[in-house]
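Trainee: Could we go through the charged pairs in this one together? I would like to start with a single pair and work outwards.

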Amino acid sequence: MDKKKVLIIAYYWPPAGGPGVQRWLKFVKYLLDFNIEPIVYIPDNPSYPLIDESLSAEVPKDLTILKQPIKEPYKLANVFSRKTSKTVSRGIISENKKQSLIERFMLYIRGNYFVPDARVGWVKPSVRFLSNYINKNDIKTIITTGPPHSMHLIGLQLKKKFELKWLADFRDPWTTIGYHKQLKLTNKSQAKHKTLEKEVLNGADQIIVTSNVTKTEFENITNKPIEVITNGYDYEPITDFALDAKFTLSHIGSLLSKRNPKVLWQVTQDLIQENESFARNFQLNLVGAVSEDVLLSIRHHNLSNHVNNIGYVSHKESVKLQKQSQVLLLIEVDSEETRCIIPGKLFEYMVSNRPIIALGPKGSDVEQIIKETNTGHYFLYSDYDAIKKVILDHYESYKKGNLQSYAIGLQKYSRKSLTEVLSKLL
């Protein structure tokens, strides 16, 4: 039987690093198992904020990859401030009162002159190029994945030109994503975002989202079918590691300015002061980009001597660090908008055999998944006593040498199982 061709339109692709690239890299990896031939369209000269060359090894050898040049405004922004341009492109935005004049200016320009995002200039040339390719190669199905949500505008234009089945995949929501409030949007820009969001949601044949909260939100905008396909885990055969000798609490990934769990810093500060044994053994590992606001808060709680600020590492190295940590931290911004965010690393955490301590907003999808899989504990930012008790309980288990998690029902979150769900939509 001939394989079904599916054109996937994406911005993030190896050697880009971070969770955004892994979702579709893994789908592409397994789609062939379900008699589907993926064709990937990406920019030829992208400006990726993070690079992870190790992910390039996972790209299937015979995969058809189409590329077209893109004009990246962040490269022009480097003329004004390379540091600010890089941090803004990575989503690390300072609190309003701490923003420099150049950062406020760049956020205003980004928010109001590039709607929906800084890659909107790639839409027209992509539609021209892909129209020709679709005609010549008999493509009947396309998938767009965002953010950047400009990828969906490419899908919207192609859908208007051709008899295509179009699936729009939202790794994050659009107008309710947390950083929108920090982009200094005018009323006109906010209205334009809403209009484009509605056009995409009603123009696509199938919507895919990563959380139930986002599904509920989009159901108020469109009647089109919406499927929840979360991120997941892939089997990582890493054996050359040993558990950390210290009682390590490790956070893997970016800690943005608002992703700052002061209650956790207070709990650990108090435990250090109250428990001499804990003070000798405790270590906080930070793996990934950390905002200056978070580092200042950690210093304020006198934790600097207990911090190992590792910085960004490759995906393979991050998996190893997960497996050797005593406890894994999952921190989300405490806001209504972040209830729908399910970080991709959660699923890798769940198969690491290490207990998870998660903090986030009330009603989060993360809380439900952690409870359902018995992989850790979820707390609100107000749960000082409960957080303290669980950390102490974990510390006692660590001293006895029997600290681990007892996960259940993880198979449905494997990348191959999730790709099977996707294949049925195609």
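Mentor: Certainly. This is a predicted model. A good starting point is the salt bridge between the side chains of Glu367 and Lys371, with an N to O distance of 3.1 Å.

Trainee: Where do Glu367 and Lys371 lie?

Mentor: Both belong to helix H14, which covers residues 365-373. They are four residues apart, about one turn of the helix.

Trainee: Is Lys371 buried or exposed, and why?

Mentor: Lys371 counts as exposed because its relative accessibility is 58%, and the cut-off for that class is over 50%.

Trainee: What pairs up with Lys389?

Mentor: The side chain of Lys389 forms a salt bridge with that of Asp393, at 2.9 Å from N to O. Both residues sit in helix H15, again four residues apart, or about one turn of the helix.

Trainee: And how accessible are Asp393 and Lys389?

Mentor: Asp393 has a relative accessible area of 37%, so it is classed as partly exposed. Lys389 is exposed, given its value of 52%.

Trainee: Which residues are joined into one network by salt bridges that share partners?

Mentor: Those are Lys26, Lys29, Glu58 and Asp234.

Trainee: How many salt bridges does a search of the whole structure find?

Mentor: The search of the whole structure gives 18.

Trainee: What does Lys388 meet in a salt bridge?

Mentor: Its partner is Glu274, and the N to O distance between the two side chains is 2.9 Å. This pair links distant parts of the chain, 114 residues apart. Lys388 is in helix H15 (residues 384-400), while Glu274 is in helix H9 (residues 262-274).

Trainee: Is Lys388 buried or exposed? I would ask the same of Glu274: buried or exposed?

Mentor: Lys388 is buried, because its relative accessible area is 15% and the limit for buried is under 20%. Glu274, with 52%, is exposed.

Trainee: Why can side chains of opposite charge pair at all?

Mentor: They can do so when their charged atoms come close.

Trainee: Changing topic, where does Asn135 lie?

Mentor: Asn135 is part of helix H5, which comprises residues 123-137. It counts as exposed because its relative accessibility is 57%.

Trainee: What separates the C-alpha atoms of Asn135 and Leu403?

Mentor: The distance between those C-alpha atoms is 58 Å. Along the chain, Asn135 and Leu403 are 268 residues apart.

Notes: Residues numbered from 1 in each chain as written. Predicted model: local features only at pLDDT ≥ 70, side-chain atom pairs only at ≥ 80, totals over all residues. Heavy atoms only, no water. Helix = DSSP H or I, 4+ residues; strand = E, 2+ residues; numbered from the N terminus. Buried < 20%, exposed > 50% of the residue type's maximum accessible area, 1.4 Å probe, protein only. Salt bridge = Lys/Arg side-chain N within 4 Å of Asp/Glu carboxyl O.
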